[in-house]
There are 2 protein chains.
Amino acid sequence: MSLLTEIYEQPQRLEELITHQYQQIKQVAEVIKQKKIQMVLLAARGTSDNAGRYANYLLGNRNHLPVALAVPSLYTNYQTPPELHNAMVIGISQSGQSPDIVSVLQNGREQNCLSIAITNQPDSPLANAADFVLDLQAGPEHAVAATKTYTAELILLALLSTALNEDKQSRQEIDQVPNWVAQVLKLNDYIADAAKRYRYMQQCVVLGRGYNYSTAFEWALKLKELTYVSAEAYSSADFMHGPIAIIAGGFPVMAVVPRGKVFPTMLETITLLKDQLKAEMVVISNAKEVLHLAEIPIAIPEQVPEWLSPIPSIVAGQLFTYHLTRIKGNDPENPRTIVKVTETH
Amino acid sequence: MSLLTEIYEQPQRLEELITHQYQQIKQVAEVIKQKKIQMVLLAARGTSDNAGRYANYLLGNRNHLPVALAVPSLYTNYQTPPELHNAMVIGISQSGQSPDIVSVLQNGREQNCLSIAITNQPDSPLANAADFVLDLQAGPEHAVAATKTYTAELILLALLSTALNEDKQSRQEIDQVPNWVAQVLKLNDYIADAAKRYRYMQQCVVLGRGYNYSTAFEWALKLKELTYVSAEAYSSADFMHGPIAIIAGGFPVMAVVPRGKVFPTMLETITLLKDQLKAEMVVISNAKEVLHLAEIPIAIPEQVPEWLSPIPSIVAGQLFTYHLTRIKGNDPENPRTIVKVTETH
């Protein structure tokens, strides 16, 4: 029963993290400001790579920092790492083990870049390669599919962004996240029932844009890992540039569409999918005008601001995926083929 | 008949481009060197975004430049573009029309960054927003699915990388690309016959790594646009971190695995897929030891170096996709839903 337990642990874990880690994060933020960092290089894989996608928007939108997602094979297979100037390197990994991610951080240090590890294992190779370690404090994660370490990664990044801006209102918004997640968990029975409809779904697309580009990828990854559905994630803009051709009547589309700056463009895409292409939709949102277009509307709390919406939104996606896994007769604790720690070079 | 005609035009178009554009590219390279560029920000969508993926490895591996793929919504929807220092901004677009890509280039210029447009329309809004325009010279592209403009984008990027390094051997290798593409086109009848087997394929994954990460994404995009197959692309390393769970016996895997630095790790993945997971594979490669693992081996010329292999490889993927489209009874000239020029904000 690890997976569901770990999904349900999230409000408490997030609360503890916010309480205990902000002081250290403020110190790290001070160092970042002193060093006049001009770009961020992020290295991660799997679930943590989706936290990297969140950071890309978060640090870009709120801190005006350009973010590059590192290409680990340039360090390992090609052995030609890029030359970095005034850069900060962030490695994100639950286990802190994957050699290719560690090598990006090690090289950053050799180039005198500030290096930060975000990990649940503060004694891991990744942590040892970093100037600063931000501990996810999520407790042991037994389920193969990561859930609580993902939301812990997001909240640490949100705290870091807020500390960099010394932004009090954002800090107060973060305090409400555990409560919003707890509210989403109350949808468990509704989601368990709604997921039955997708018993024989074999493929779907998952759409999100802006901050929730990350949520689309993470929800799609959970679906692949646990339900074995070929779930492909897109930004709604990239989707319009070609992939939309795969949609015919009844094609299942999962969408993450909370209110915010990208809401109008997402609403346009969802309306097109519904009215013209007759797609079937599962929508996570706090906006009635898009929820009513969905076959299965999943309502997150009204007051969630866009920049923090990926956290309650993915918890809804986790519940949907967990129940669909059981409905399909798969074992959520032992997905086929994959293991908890994957080491790639 | 535009699509097949445009696929077949490629050797000649590439030859003309190499002959006519290198002088101008050398001048642009001089400016880049004078400006002591420290990072590259790349903006593109759809097929051109896959050329951006190629640039990410090319400029990283051969020119030690860190590359960030731009997040257009930070410019349009969020209106909080990142602050750039010593950066060069490259916009890639066949039509040069999409407002979100144009806005990344315009903002780069406002921040005094060097800006370069790579486009088939030298009088487009993208071209007008750039300091330098690299003309794809591909002639009118009528087919909705881009083919010849994609390989033109790749060869321009390869020429730019070579000019930056003033590397004579690489320059000579580029001269052979049109001939390698012509050799791949001779496989047309073989590929047309082989594709029949996939008449009822509804989903597949497409794998590539390193330089051919781009090829995996571009092949998958063509499959989606034309055959409506849910084709999802991965680097073989990302694939191991979760998505591999979707693979059961007989699941179709397309893979691009030419010789080179990532060949050993790709071979390991392909062997696992074949021996343990009993996947069915279509493999594009110049290495016998991986071709013999494939149900459908597609051999590109032996002597193609890894860094240029995405060009002949994607031509094989284009032919496969074209024939599968016809075999499935779809119209390759008029794919459903999509149009030639997509404008996103």
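**Note on the A/B pairing**

1. Start with the symmetry: chain B lands on chain A after a rotation of 180 degrees with 0.0 Å of shift along the axis, and the RMSD is 0.0 Å. The two copies are thus related as by a two-fold rotation axis. Bear in mind that this is a predicted model.

2. If you want to find that axis on screen, look for B:A68, whose C-alpha comes closest to it among the residues of chain B, at 2.1 Å. Both copies use the same surface, with 100% of the contact residues of chain B recurring in chain A.

3. How much area is buried between chain B and chain A? It comes to about 5,500 Å², and carbon and sulfur atoms give 56% of that. As for residues, 67 from chain B are in contact with 68 from chain A.

4. On the polar side, I'd point you to 26 residue pairs in polar contact between the chains, both partners being at pLDDT 80 or more. The elements of chain B that give two or more residues to the side touching chain A are α2 (47–63), β2 (67–69), α9 (213–227), β7 (230–234) and α10 (236–240). β7(B) supplies the largest share, five residues. By type, the residues on this side of chain B split into 31 nonpolar, 25 polar and eleven charged.

5. Now the charged pairs: there are four salt bridges between chain B and chain A. One to click on is A:K224 with B:E232, where the closest N and O atoms are 3.0 Å apart.

How values were computed. Residues are numbered from 1 along each chain as its sequence is written. Chains are lettered from A and ligands numbered from 1 in the order in which they are written. This is a predicted model: local features need pLDDT of at least 70, side-chain atom pairs count only at pLDDT 80 or more; totals for chains, interfaces and linings use all residues. Side-chain values use heavy atoms; hydrogens and water are left out. Contact means heavy atoms within 4.5 Å. Buried area is the accessible area (1.4 Å probe) that two parts lose on being put together, summed over both. A salt bridge is a side-chain nitrogen of Lys or Arg within 4 Å of a carboxyl oxygen of Asp or Glu. A polar contact is a pair of N or O atoms within 3.5 Å; within protein, one must be able to donate a hydrogen and the other to accept it, and residues adjacent in sequence count only if both atoms are side-chain atoms. Helices (H or I, at least four residues) and strands (E, at least two) are DSSP runs, numbered from the N terminus. Ala, Val, Leu, Ile, Met, Phe, Trp, Tyr, Cys and Pro count as nonpolar, Asp, Glu, Lys and Arg as charged, and the others, Gly among them, as polar. Copies are superposed by least squares on the C-alpha atoms of residues with pLDDT of at least 70 in both.
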